[in-house]
Amino acid sequence: MGVTSKTREKVISRDTGCFRCGRAANNVHHRMARGSGGSKLPHVNAAANLLLMCGSGTTGCHGWVETNRAVAYEQGLLVRRNGVLLPSDVPVFSLWRNNWFFLDDFGGCAVTSPPLI
C-alpha cells in the first residue's frame, strides 16, 4: 500500500509548496525510504514521513536530497531506517522558512529548536 489520497492531501495542505525551497511542487518525497518493493510499515506512508518537494528524484529539491544525502540526513530531509527513530521523532529543516519543524501524522507542523548533533 502506498500513500493514500487523504494523506497526500494532508501533506499538500501542510507544506503548500516545496518544503525545502517554497516553490510550487507536486512530488511527495519519503524521508524514510520505502524499501525494496514498498513497505507495510504504517509510518513509512504517514504524513510525518512525507514532504512535498519540487522536481523529481534527479531534479529540483528532490534531486538535491538524493545527491546530497549526508546533508539531507543532517537536515531531517532523510531519516534512517535503523529501527530507533520514527520520522515524527526527527526534526526537519525548511530552507525557505529558515526554521526546524516536527511533523506529525495528522498533517501538523510545529516549530522546534535545531537538533543537537
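A contact here means heavy atoms within 4.5 Å. In the protein chain of this predicted model, 58% of the contacts between residues at least 6 apart in sequence join residues at least 24 apart. The chain holds 3 helices and 5 strands. No disulfides turn up: a search of the whole structure finds 0.

**Fold and dimensions**
- The order of elements along the sequence is α-β-β-α-α-β-β-β.
- The radius of gyration of the protein chain is 13 Å, which agrees with the value near 13 Å for a compact globule of 117 residues.
- The C-alpha trace spans about 35 × 30 × 30 Å along its principal axes.

**Burial and surface**
- Of the 117 residues in the protein chain, 40% are buried.
- The exposed area of the protein chain is about 6500 Å².
- Carbon and sulfur atoms supply 55% of that area.

**Charges**
- The protein chain carries 13 positive and 7 negative charges.
- The mean positions of these two sets lie 5 Å apart.

**Cysteines**
- A disulfide needs two cysteine sulfur atoms within 2.5 Å.
- Cys 18 has its closest cysteine sulfur in Cys 21, at 3.7 Å, so the pair is too far apart for a bond.
- Cys 18 has 0% relative accessibility and therefore counts as buried.
- Cys 109 is in no disulfide either; its nearest cysteine sulfur, that of Cys 18, is 13 Å away.
- Cys 109 counts as partly exposed, because its relative accessibility is 33%.

Technical notes. Residues are numbered from 1 along each chain as its sequence is written. This is a predicted model: local features need pLDDT of at least 70, side-chain atom pairs count only at pLDDT 80 or more; totals for chains, interfaces and linings use all residues. Side-chain values use heavy atoms; hydrogens and water are left out. Helices (H or I, at least four residues) and strands (E, at least two) are DSSP runs, numbered from the N terminus. The radius of gyration is taken over C-alpha atoms; the globule rule is 2.2 Å times the number of residues to the power 0.38. Buried means under 20% relative accessible area, exposed over 50%, partly exposed in between (1.4 Å probe, protein chains only). Accessible areas come from the Shrake-Rupley method with a 1.4 Å probe; for residues, only the protein chains shown count as cover. Lys and Arg count as positive and Asp and Glu as negative; His and the chain ends are not counted. The place of a charge is taken as NZ of Lys, CZ of Arg, CG of Asp or CD of Glu.
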